[in-house]
Amino acid sequence: MKPLTTSISTSIFFLLVLAFLGCKKEEIMNTFSECTLSAEDRGDRILAFDILDVTETGDFNLNYNLASGKLKSDFIQLLQPWNSFENQQAGVYDGEATQLYETLNHFAGSTGTQLSLIITPIDIPGRFLPDYISDKKFNDPLVIESFKNLIDRLFNSVNGIVNPEKVIALSVGNEIDHYNWTTKNDQISEYHEFLQAIKPKVNSYGIPLHFTGTLYGLTQPGNVWKELADVVDKVSVTYYPINADFTVKSPEIVLTDFNELATKFTDKKLFIQEIGYPTSSALNSNEAKQAEFFCHFFNAWDGHKDQIIHVSILRLNDVSSSSAQATAITYGVPGNKRFIEYIRTLGIRTWENTGNNKSAFDVIEKELIKRLW
């Protein structure tokens, strides 16, 4: 449940990346000393951290150096709604996302970073089709053709925006199991046809096609998501082990959850698009629990390293209270204190000033060294 694309505006991120190219730590009673679980060699796995959320000082350069240096981050991930590329007129790609992708492509070329991209016709808050097709069904020929045209604009070799050789994944739709299909009078079968129709175009650029759901949604009984998975190259999930009231589950639950996910989609490669564990005491959590969770996470990942190739940890830094409150409004839960604390404290570093490492940061760094990252 990542808030929109990030808690900072895309225009601010644009400036931060261009700049790159040219707190007092909260005390806690509980501590986590050492992860003593066994470790498997890295193999083909790659890892990322959400580095777009900066600390209070706004230092993106610090984010990148920490992620790529100490934490060996391999790729950067970005989510954008479809209508932020084009909106009023078909084929006019003058939206903010177009500029952002240009900057991101330059950043990737300059640093050697790979890219994981998410474009959302749908997300939890709703539909994000351009205005000129906003009332169309997903399987409408005009919707399909319009998305294919967007893919050509982004990746073609003549005047494309992003080098497709840098792109390890394209997820179309985010947390779609929590999209309100009934209220919007949409059918999953229509989205099935949409994905099936756009897949050859995406694949023609050497990019694997995904869709993204939540781990707990996709692993529910029934075959509807498994049938949708048959259309795409890989399945992406977001994973936050929290209860319905946003309090945390036990840190070791990741072992069971990964087993269920792998069993449900036995014949598919899996991408953990987002994974995180908040530290707020309001959620019955703290830094020690978060650190223990990531200790168990690496152990669980070891057990499925041939199936789960890509993981992106959300997020590097906490966000401000005001940013978390704004996200609560976006998700229709304004003033929900537990949701706000969940969003605010997902980082493995604090937000205040230049930020300080939480216990999980050190655990992750050590676990990566054990696995020869």
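**Disulfide and helix packing in the predicted model**

The torsion about the S-S bond of Cys 35 and Cys 295 is about 70°, so the disulfide formed by these two residues is right-handed. The pair links distant parts of the chain, for Cys 35 lies in the loop between helix 1 (10-21) and strand 1 (46-49), whereas Cys 295 belongs to helix 9 (residues 287-302), 260 residues apart from its partner. The structure described here is a predicted model, and it holds 1 disulfide, in which the sulfur atoms of Cys 35 and Cys 295 are placed 2.0 Å apart. Both ends of this link are buried: Cys 35 has a relative accessible area of 5%, and Cys 295 has one of 4%, where a value under 20% counts as buried.

The loop that carries Cys 35 also contains Gly 43, which lies between helix 1 and strand 1. Gly 43, in contrast to the buried Cys 35, is exposed, with a relative accessible area of 54%. Between Gly 43 and Phe 271 there are 15 Å in space, taken from C-alpha to C-alpha, and the two are 228 residues apart in sequence.

Helix 9, which holds Cys 295, packs against helix 8 (residues 253-264), the two axes coming within 8 Å and crossing at roughly 30°. Because angles under 35 degrees count as roughly parallel, helix 8 and helix 9 are described as roughly parallel to each other. Helix 8 passes helix 9 in a right-handed crossing. To this contact helix 8 contributes Val 254, Leu 255 and Phe 258, while helix 9 contributes Phe 293, His 296, Phe 297, Asn 299, Ala 300 and Trp 301. By residue class, the contact of helix 8 with helix 9 divides into 7 nonpolar, 2 polar and no charged residues.

Helix 9 also packs against helix 12 (residues 359-370), with axes that come within 8 Å and cross at roughly 20°, and helix 9 and helix 12 are therefore roughly parallel to each other. The crossing of helix 9 and helix 12 is right-handed. On the helix 9 side the contact involves Glu 287, Gln 290, Ala 291, Phe 294, Cys 295 and Phe 298, and these meet Ser 359, Ala 360, Val 363, Ile 364, Glu 367 and Leu 368 of helix 12. The residues of the contact of helix 9 with helix 12 comprise 8 nonpolar, 2 polar and 2 charged. Cys 295 thus takes part in the contact with helix 12 as well as in the disulfide with Cys 35.

A further helix pair is formed by helix 10 (residues 321-330) and helix 11 (residues 337-344), which pack at an angle of about 125° with their axes 8 Å apart. Helix 10 and helix 11 are therefore oblique to each other, and helix 10 passes helix 11 in a right-handed crossing. Ser 321, Ala 324, Gln 325, Thr 327 and Ala 328 of helix 10 make the contact with Phe 339, Ile 340, Ile 343 and Arg 344 of helix 11. The contact of helix 10 with helix 11 divides into 5 nonpolar, 3 polar and 1 charged residues.

Asp 318 is found in the loop between strand 11 (308-313) and helix 10, and at 6% relative accessibility Asp 318 counts as buried. Leaving aside neighbours within four places in sequence, Asp 318 is in contact with residues including Val 54, Arg 344, Arg 349, Trp 351 and Lys 358; of these, Arg 344 also belongs to the contact of helix 11 with helix 10. The C-alpha atoms of Asp 318 and Asp 50 are separated by 11 Å, although the two residues stand 268 residues apart along the chain.

Definitions and conventions: Residues are numbered from 1 along each chain as its sequence is written. This is a predicted model: local features need pLDDT of at least 70, side-chain atom pairs count only at pLDDT 80 or more; totals for chains, interfaces and linings use all residues. Side-chain values use heavy atoms; hydrogens and water are left out. A disulfide is a pair of cysteine sulfur atoms within 2.5 Å. Helices (H or I, at least four residues) and strands (E, at least two) are DSSP runs, numbered from the N terminus. Buried means under 20% relative accessible area, exposed over 50%, partly exposed in between (1.4 Å probe, protein chains only). Axes are lines fitted to C-alpha atoms, for helices over the stretch in contact, and angles run from 0 to 180 degrees between N-to-C directions. Angles under 35 degrees count as roughly parallel, over 145 as roughly antiparallel, 65 to 115 as roughly perpendicular and the rest as oblique. A crossing is left-handed if the near helix is turned anticlockwise from the far one by less than a right angle, and right-handed if clockwise. Contact means heavy atoms within 4.5 Å. Ala, Val, Leu, Ile, Met, Phe, Trp, Tyr, Cys and Pro count as nonpolar, Asp, Glu, Lys and Arg as charged, and the others, Gly among them, as polar.
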